[in-house]
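Visitor: I've got a new model up on the screen and a few things to ask. Could you walk me through it?

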Amino acid sequence: MVITQTGSTVPRRQLGRHLRRLRKQARITVKAASEALRWSPPKIWRIERGTTSTSAPDVAAMCRVYGASPQLTAMLVGFAKETRKDGWWHAYGEAMRDWFEAYVSLESAATRLRKYEPQLVPGLLQTEAYATEIFRLSRPGRPQAERDSAVALRLARQKAIFDREVSRQTQLDIVLDESVLRRPFLDGAGMAAQLWHMNMISRRSHVTLRVLPFSAGLYRAELANGGFTILEFGTESFEQPAEPTIVYSEGLTGALYLEKPAEVARYDEAWVSMHGACLSEAQSRELIASLAKEHAP
């Protein structure tokens with residue numbers, strides 16, 4: 001599934017959800033709405049599905065047809081303005097593949113991220129040296145400037161998550177397979193620095209890092225056949241989810257986004273099963289520190 005979008009994904013989807021709910025409450029069909037607004041039905045569908053940005057005048061017109069209150073109209077018009085804003089990641093141009101752009105938008109808006117990684121250090125925890133080696137291997141033959149830009153983007157993502165004010169911090173819960181800690185890169189000193197960096201990040205109040213040891217044997221998440229991230233978005237003022245929980249899984253040529261409740265539930269069950277087999281946070285830090293010493297020259 002390849003996703004190509006501009007502007008911020010989450011405000012678009014929130015706006016579309018509100019407008020669809022408002023239309024249905026007014027008992028107006030898409031056909032009737034399109035006739036009243038003199039638009040094509042596909043335009044309304046695109047707006048309601050959050051696949052396109054929407055102008056403030058268009059949202060105001062929809063609110064008028066649907067009989068929205070002035071207060072609700074003002075809120076939705078505000079959402080419309082947000083859909084046309086570029087996120088910080090747009091400064092990185094070619095380094096941002098279309099399908100990953102959607103993920104970064106969601107990551108920036110999430111209130112909690114649960115990440116499972118069976119092979120590599122997650123991007124949010126990578127040192128510059130580790131990220132540089134990852135892109136050297138994953139983009140052979142590409143211009144050095146492109147790889148440098150990709151590394152800069154990765155470091156900017158980290159800054160966007162970790163340098164927020166306390167009231168806006170994202171809860172980051174990470175589970176790493178023990179193999180991630182034991183797979184060296186380039187030289188021992190670089191891997192030691194990477195492990196000490198993870199240990200330091202794990203001590204932050206909004207971060208938990210736990211290791212799934214080899215001694216746990218087979219576990220349910222292993223059957224998922226790869227790493228994944230579960231993104232949660234908290235609630236909005238109406239005590240409704242601000243955005244449905246989404247499962248993200250990345251591949252070589254694109255990404256999979258799952259949000260159907262049954263699909264998310266399967267990954268949630270896998271997470272719970274795996275989490276129960278992990279070392280404690282303190283034990284995980286001890287293991288990471290001991291392996292850092294082993295990797296050091």
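Guide: Sure, and one term before we start: a helix here is a DSSP run of H or I at least four residues long, numbered from the N terminus. Arg13, for one, is found in helix H1. Keep in mind that this is a predicted model.

Visitor: How many helices and strands does the protein have?
Guide: Counting both kinds of element gives the secondary structure of the protein. The tally is 12 helices and six strands.

Visitor: Which element has the lowest mean pLDDT, and which the highest?
Guide: Over the whole protein, pLDDT averages 86, and 86% of the residues score at least 70. Residues 1-7 are a weak spot, with pLDDT below 50, though that stretch still has 21 contacts in the model beyond near neighbours in sequence. By element, the lowest mean, 77, belongs to helix H6 (residues 98-109), and the highest, 97, to strand S3 (residues 207-212).

Visitor: Is Arg13 buried or exposed?
Guide: Arg13 sits in helix H1 and touches Arg49, Gly50, Glu243, Ile246 and Glu259, leaving out residues up to four places away in sequence. The cut-off for buried is under 20% relative accessible area. Arg13 has 17%, so the call is buried.

Visitor: What is the C-alpha separation of Leu19 and Met62?
Guide: Leu19 lies in helix H1, residues 9-25, and its relative accessibility of 0% makes it buried. Met62 is among the residues it touches, along with Ile47, Glu48, Cys63, Tyr66 and Leu76. Leu19 and Met62 are 43 residues apart along the chain, yet their C-alpha atoms are separated by 7.8 Å.

Visitor: Which side chain does the side chain of Ser179 join in a polar contact?
Guide: Ser179 belongs to helix H9, residues 178-182. It counts as buried because its relative accessibility is 16%, under the 20% cut-off. Setting aside neighbours within four places in sequence, it is in contact with Pro118 and Phe214. The polar contact, at 2.8 Å, is with the side chain of Asp177.

Visitor: Back to the whole protein: what share of its residues is buried?
Guide: The accessible surface comes to about 14,800 Å², and carbon and sulfur atoms hold 53% of it. Among contacts between residues at least 6 apart in sequence, 74% join residues at least 24 apart. Of the 297 residues, the buried share is 49%.

Methods: Residues numbered from 1 in each chain as written. Predicted model: local features only at pLDDT ≥ 70, side-chain atom pairs only at ≥ 80, totals over all residues. Heavy atoms only, no water. Helix = DSSP H or I, 4+ residues; strand = E, 2+ residues; numbered from the N terminus. Buried < 20%, exposed > 50% of the residue type's maximum accessible area, 1.4 Å probe, protein only. Contact = heavy atoms within 4.5 Å. Areas by Shrake-Rupley, 256 points an atom, 1.4 Å probe, with all protein chains shown as cover. Polar contact = N/O pair within 3.5 Å; in protein donor to acceptor, adjacent residues only side chain to side chain. pLDDT = per-residue confidence, 0-100.
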